[in-house]
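Open your viewer and keep a selection box handy. This tour goes stop by stop, telling you what to select and what you will find there.

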Amino acid sequence: MNATTSNAAGFRLFYLDDSGSPNDGHIVFSWIEVTPACWRGGLRHWLDLRKELYAEFQIPPSAELHAAPLIGGRKMPSTNGAVNASKGKRRRVVRDALAAIGQNADVSVGAVYRITSARGAAYHHERGLVYDALIQQLTQRLENAGEFASVFMDGDGSDQTYFRAHRNMKLGDRRIIEDPIFQASHVSQWVQMADLVAWTAYQSLKPNPDKDFATSWYSDYLVSRDPRGGPTPI
């Protein structure tokens, strides 16, 4: 069974994370998507990757993989200081993780984005509008397929923007069950996967001289699991 097969259970799990920057007006939401029937297989594939990372880079499976601080050297997940100090090895860890996602037949990925001139509080408001549009888009897709879903997100739930996007929909139209379910990324392997997808989607949209090595990573590693072929405007 894989993520593109018929979903007999009629239910999906979406693990979402955001990326982008108020400095350049990019807003990105990305996700890892899996059905309950594929959840165990999808997680097993990822945990096999975590074992490989431990064997090669001495990064324990319990250590958080968080793309931006890992690439920037602000996270030191390895018990081997030489790995933590090496730009090349840190990048290799992220590439291996992305490759594992791209080769995981039990999951699919997606990303949407908006580029805005809004800054400061206006940028935060615009990000809420993008999330609202995404929830409506996913709801329509679920409606067309006769399915329901739950959304899991990184964070502690203190940002009420995400709750409002769900509760503003008419109850009779809702296909996403309940409010978003928040999980801290350091305790959720799925949320860590979503973070890697979100960061990589952002890099594909905003070439950065300091991170030009990652510009093609979405197309190199993730596009095979993205039914829409890459980040799409919303």
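Select Asp220 to begin: this residue sits in helix α8, which covers residues 217–222. Helices here are DSSP runs of H or I with at least four residues, strands are E runs of at least two, and both are numbered from the N terminus. Asp220 is partly exposed, with a relative accessible area of 47%. For that scale, buried means under 20% relative accessible area, exposed over 50%, and partly exposed in between, using a 1.4 Å probe and protein chains only. Now add Arg95 and draw a C-alpha to C-alpha distance: Asp220 and Arg95 are 9.5 Å apart in space, with their positions 125 residues apart in sequence.

A word on what you are viewing: this is a predicted model, in which local features need pLDDT of at least 70 and side-chain atom pairs count only at pLDDT 80 or more, while totals for chains, interfaces and linings use all residues. Residues are numbered from 1 along each chain as its sequence is written, and side-chain values use heavy atoms, with hydrogens and water left out.

Next, pick Thr200 in helix α7. Is Thr200 buried or exposed? Thr200 is buried, at a relative accessible area of 1%. Show its surroundings and, setting aside neighbours within four places in sequence, you will find Thr200 in contact (heavy atoms within 4.5 Å) with Leu98, Trp217, Tyr218 and Leu222.

Leu98 leads us to helix α4, where it is one of the buried residues, along with others including Arg90, Val93 and Val94. Select residues 87–102 to see all of α4. Its 16 residues should span 22 Å at 1.5 Å a residue, and the end C-alpha atoms are 23 Å apart, which agrees. The expected span is 1.5 Å times one less than the number of residues.

Move on to α5 and trace it from end to end: this helix has 25 residues and reaches 37 Å from its first C-alpha to its last, close to the 36 Å expected. Among its buried residues are Tyr123, Glu126, Arg127, Ile135 and Thr139. Colour β1, β2, β3, β4 and α6 to see part of what covers the buried residues of α5. Just after the helix comes Gly146, with a positive phi near 70°.

Now turn on a pocket display. Which residues are closest to the centre of the largest pocket? The pocket has a volume of about 200 Å³, and of its 14 lining residues the closest to the centre are Asp18, Ser19, Gly20, Asp195 and Trp199. β1 gives the largest share of the lining, five residues, and β1, α5 and α7 each supply at least two. By class, the lining has six nonpolar, four polar and four charged residues.

There is also an enclosed space to find: the count comes to one cavity of 30 Å³ or more, and its volume is about 30 Å³. Select Ile135, Thr139, His166, Met169, Arg174, Arg175 and Ile176 to see its lining. On a 1 Å grid over the protein atoms alone, a cavity is a set of points where a 1.4 Å probe fits but cannot get out, and a pocket is an open set with protein on both sides within 12 Å along at least five of seven lines; lining residues have an atom within 4 Å of a point. Grid points are joined across faces, edges and corners, and a volume is the space filled by probe spheres set on the points.

Stay in this area and select Asp179, in the loop between α6 and β5. Asp179 counts as buried because its relative accessibility is 12%. Its side chain makes a polar contact of 2.5 Å with that of Arg167; such a contact is a pair of N or O atoms within 3.5 Å, where within protein one must be able to donate a hydrogen and the other to accept it, and residues adjacent in sequence count only if both atoms are side-chain atoms. Beyond its neighbours within four places in sequence, Asp179 also touches Val151, Phe163, His166 and Arg174, among its contacts.

Two more picks share that loop. Glu178, in the loop between α6 and β5, has a positive phi of about 65° although it is not a glycine, and it counts as exposed at 54% relative accessibility. Most residues other than glycine have a negative phi. Asn168 also lies in the loop between α6 and β5 and is exposed, at 60%. For a last distance, join the C-alpha atoms of Asn168 and Arg92: they are separated by 42 Å.

Note on methods: Nonpolar A, V, L, I, M, F, W, Y, C, P; charged D, E, K, R; others polar.
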